[in-house]
Amino acid sequence: MPSEYREAKSPCLEIVDLHAEVAGREILKGVDLKLRGGEIHAIMGPNGTGKSTLSMVLMGSTKYEVTAGEIRLNDESLNEMPVDERARRGLFLAMQYPAEIEGVSNSDFLRTAINAQRPKEHPMGVLPFRSELQKCLNDLEMDPSLPKRYLNEGFSGGEKKRNEILQMKMLKPSVALLDEIDSGLDIDALRIVGENIAKMHEERGEEMAILMITHYERLLSFVKPSHVHVLMDGRIVKSGGVELVERLEKEGYEWIREEIQNNETSTSKEA
């Protein structure tokens with residue numbers, strides 16, 4: 001629910017030994033991670049290692065099957081929960097490839113989504129909704145005609161990504177999952193998106209946790225992560241702070257592959 005109706009407490013998202021597959025192919029092979037309110041975690045890694053799969057599985061996409069492990073939000077298991085119930089609990093996903101929906105305007109979609117998370121006797125009124133929407137549009141420097149346009153239809157890649165952040169600002173989730181929100185953005189759009197994410201994190205404080213999936217250091221120059229993780233072959237193989245991002249930018253991922261190989265060789269010899 002929006003913050004004025006959802007219990008104001010610091011969220012905790014726990015991912016415990018998570019395994020998931022699609023069409024019989026295992027992609028996540030034992031992911032362990034814990035996010036607490038006030039934290040920003042960045043997930044990095046080469047293409048095809050399971051980063052986007054992780055975000056989709058956390059949100060409850062039926063395309064993927066969880067074969068082992070558990071996802072818990074505030075000590076409540078999400079494993080059997082459908083997408084809409086996870087959203088009501090405060091989970092939000094900004095997708096890498098937002099869908100276009102003909103016949104549904106942005107404003108209708110947003111107001112319906114907000115009111116779906118409120119008690120029926122306390123829907124958001126038209127005037128407060130319009131006022132909040134206009135403020136968010138101004139913050140994101142978006143076209144003022146956007147509320148009347150169909151959801152993402154005819155939008156550029158950058159407009160779609162900004163529209164995802166607009167939804168995040170309006171819905172005020174407890175846990176925001178941002179799947180490559182920086183891809184397809186030019187320098188100005190990246191700055192606007194990054195500054196809005198950072199501002200929301202500052203304003204919400206411990207009421208919100210953020211998990212960002214990204215390939216690039218440039219977003220992290222606007223949104224400073226408290227934790228950085230490298231996902232390879234369906235597992236988190238390295239964790240650290242901002243210094244890890246700097247090393248990855250300079251050296252790539254080969255040194256991590258070598259570390260893994262050396263550890264496996266050492267373990268094999270000991271056995």
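The exchange below goes through the sheets and helix packings of this predicted model and asks what stands behind each term.

Author: Residues are numbered from 1 along each chain as its sequence is written, and side-chain values use heavy atoms, with hydrogens and water left out. As this is a predicted model, local features need pLDDT of at least 70 and side-chain atom pairs count only at pLDDT 80 or more, whereas totals for chains, interfaces and linings use all residues.

Reader: Happy with that. What makes S6-S9-S10-S3-S11-S12 a sheet, and why are S6 and S12 called its edges?

Author: Helices (H or I, at least four residues) and strands (E, at least two) are DSSP runs, numbered from the N terminus. Two strands pair if DSSP finds at least two bridges between them. Here 6 strands form an open sheet in that order, with mixed pairing. S6 and strand S12 (235-240) each have a single partner strand, so one side of each has no neighbour in the sheet. On average, neighbouring strands are turned by 20° against each other, direction ignored.

Reader: Which bridges tie S9 and S10 into that sheet?

Author: Strand S6 (residues 91-94) is joined to S9 by 4 bridges, and the two run parallel; phenylalanine 92 stands opposite alanine 176 in S9. Between S9 and strand S10 (residues 209-213) there are 5 bridges, again in the parallel sense, and alanine 209 of S10 is the bridge partner of valine 175. Strand S3 (residues 40-44) runs parallel to S10 with 4 bridges, where isoleucine 40 has isoleucine 210 as its partner.

Reader: What makes S9 a covered strand?

Author: Buried means under 20% relative accessible area, exposed over 50%, and partly exposed in between (1.4 Å probe, protein chains only). In strand S9 (residues 175-179), 5 of its 5 residues are buried. In a regular strand the side chains alternate between the two faces of the sheet. For S9, Val175, Leu177 and Asp179 are on one side and Ala176 and Leu178 on the other, and all are buried, which covers both faces.

Reader: Which helices lie on S6 and S9, and which touches S12?

Author: H5 lies across S6 and S9, running at about 165° to S6. Helix H8 (residues 242-251) packs on the sheet and touches S3, strand S11 (227-232) and S12, its direction making about 45° with that of S11. Contact here means heavy atoms within 4.5 Å.

Reader: Why are H5 and H6 called roughly parallel?

Author: Two packed helices are described by the angle between their axes and the distance between the axes. Axes are lines fitted to C-alpha atoms, for helices over the stretch in contact, and angles run from 0 to 180 degrees between N-to-C directions. Angles under 35 degrees count as roughly parallel, over 145 as roughly antiparallel, 65 to 115 as roughly perpendicular and the rest as oblique. The axes of helix H5 (residues 157-171) and helix H6 (residues 187-204) come within 10 Å and cross at roughly 15°, so H5 and H6 are roughly parallel.

Reader: What is the handedness of that crossing, and which residues make the contact?

Author: H5 passes H6 in a left-handed crossing. A crossing is left-handed if the near helix is turned anticlockwise from the far one by less than a right angle, and right-handed if clockwise. Arg162, Ile165, Met168 and Lys169 of H5 meet Ala189, Ile192, Val193, Asn196, Ile197 and Met200 of H6. These divide into 7 nonpolar, 1 polar and 2 charged. Ala, Val, Leu, Ile, Met, Phe, Trp, Tyr, Cys and Pro count as nonpolar, Asp, Glu, Lys and Arg as charged, and the others, Gly among them, as polar.

Reader: And why is H4 oblique to H5?

Author: Helix H4 (residues 126-139) packs on H5 at an angle of about 135°, with the axes 10 Å apart. That value makes H4 oblique to H5. Their crossing is right-handed. Phe129, Glu132, Leu133, Cys136, Leu137 and Asp139 of H4 touch Leu166, Lys169 and Met170 of H5, a set with 6 nonpolar, no polar and 3 charged residues.

Reader: What makes H3 roughly perpendicular to H4?

Author: Helix H3 (residues 106-116) and H4 pack at about 115°, with their axes 11 Å apart, and that makes H3 roughly perpendicular to H4. H3 passes H4 in a right-handed crossing.
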